[in-house]
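Hello,

Here is the structure I promised to pass on to you. Have a look at it first, and then read on for what turned up.

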Amino acid sequence: MKKLADIVDKFKIPAQFSLERYMKCAIGLCGQCCVDDVGWRICVEGPVFWRDELRLITEFGKYRRDAAGVKHSLI
Ligand code: FES
């Protein structure tokens, strides 16, 4: 998905991305699906984000989280 984001940036194509995250409540209460650094909840503020919004999500393309919330590097 990060590579696709780079391509839409290169060709200046407006694009939206649907993110996934392990969820517990899916109604915005538990915080399991929050993304760094903005703290948006994927289950409430997402899951679809414009490319410009993705730039604020510092973890996008850098790491993923497993079911326990542990970070795993993608780089
Ligand atoms: S899954 Fe609980 S806040 Fe999103």
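In what follows, two residues are in contact when they have heavy atoms within 4.5 Å of each other. Please keep in mind that this is a predicted model.

Let me begin with Arg21, which sits in the loop between S1 and S2. Is this residue buried or exposed? Buried means under 20% relative accessible area, and Arg21 has 13% relative accessibility, so this charged residue counts as buried. Setting aside residues up to four places away in sequence, Arg21 touches Gln32, Cys33, Cys34, Val35, Ile42, Glu59 and Arg65.

Two of those partners are cysteines, Cys33 and Cys34, and you may wonder about a disulfide. A disulfide needs a pair of cysteine sulfur atoms within 2.5 Å, and by this rule the count is zero. For Cys34, the nearest cysteine sulfur is that of Cys33, 5.6 Å away, and Cys34 is in no disulfide. Cys33 is buried, because its relative accessibility is 4%. Cys34, with a relative accessible area of 25%, is partly exposed.

Ile42 is another partner of Arg21. Leaving out its neighbours within four places in sequence, Ile42 is in contact with Leu19, Met23, Cys33, Val35, Pro47 and Phe49 as well as Arg21. Ile42 also belongs to the largest nonpolar core, which has 13 residues. The members that touch the most others there are Phe17, Leu19, Ile42, Phe49, Leu54, Ile57 and Phe60.

The loop between strand S1 (16-18) and strand S2 (48-50) also holds Gly28. With 14% relative accessibility, Gly28 counts as buried. Not counting residues up to four places away in sequence, Gly28 touches Arg41, Cys43 and Val44. Gly28 and Val44 are 16 residues apart along the chain, yet their C-alpha atoms are separated by 5.7 Å.

Finally, the pocket. What is the volume of the largest pocket? The value comes to about 370 Å³. Its lining is made of 17 residues, and Leu19, Glu20, Arg21, Tyr63 and Arg64 lie nearest the centre. So Arg21, buried as it is at 13%, turns up here too. Strand S3 (residues 63-65) gives the largest share of the lining, three residues. By type, the lining has nine nonpolar, six charged and two polar residues.

Happy to go through any of this with you.

Best wishes

Notes. Residues numbered from 1 in each chain as written. Predicted model: local features only at pLDDT ≥ 70, side-chain atom pairs only at ≥ 80, totals over all residues. Heavy atoms only, no water. 1 Å grid on protein atoms, 1.4 Å probe; cavity = no way out; pocket = protein on both sides within 12 Å on 5 of 7 lines; lining within 4 Å. Points joined across faces, edges and corners; volume = space filled by probe spheres on them. Helix = DSSP H or I, 4+ residues; strand = E, 2+ residues; numbered from the N terminus. Core = buried A, V, L, I, M, F, W, Y, C linked by side-chain atoms within 4.5 Å. Buried < 20%, exposed > 50% of the residue type's maximum accessible area, 1.4 Å probe, protein only.
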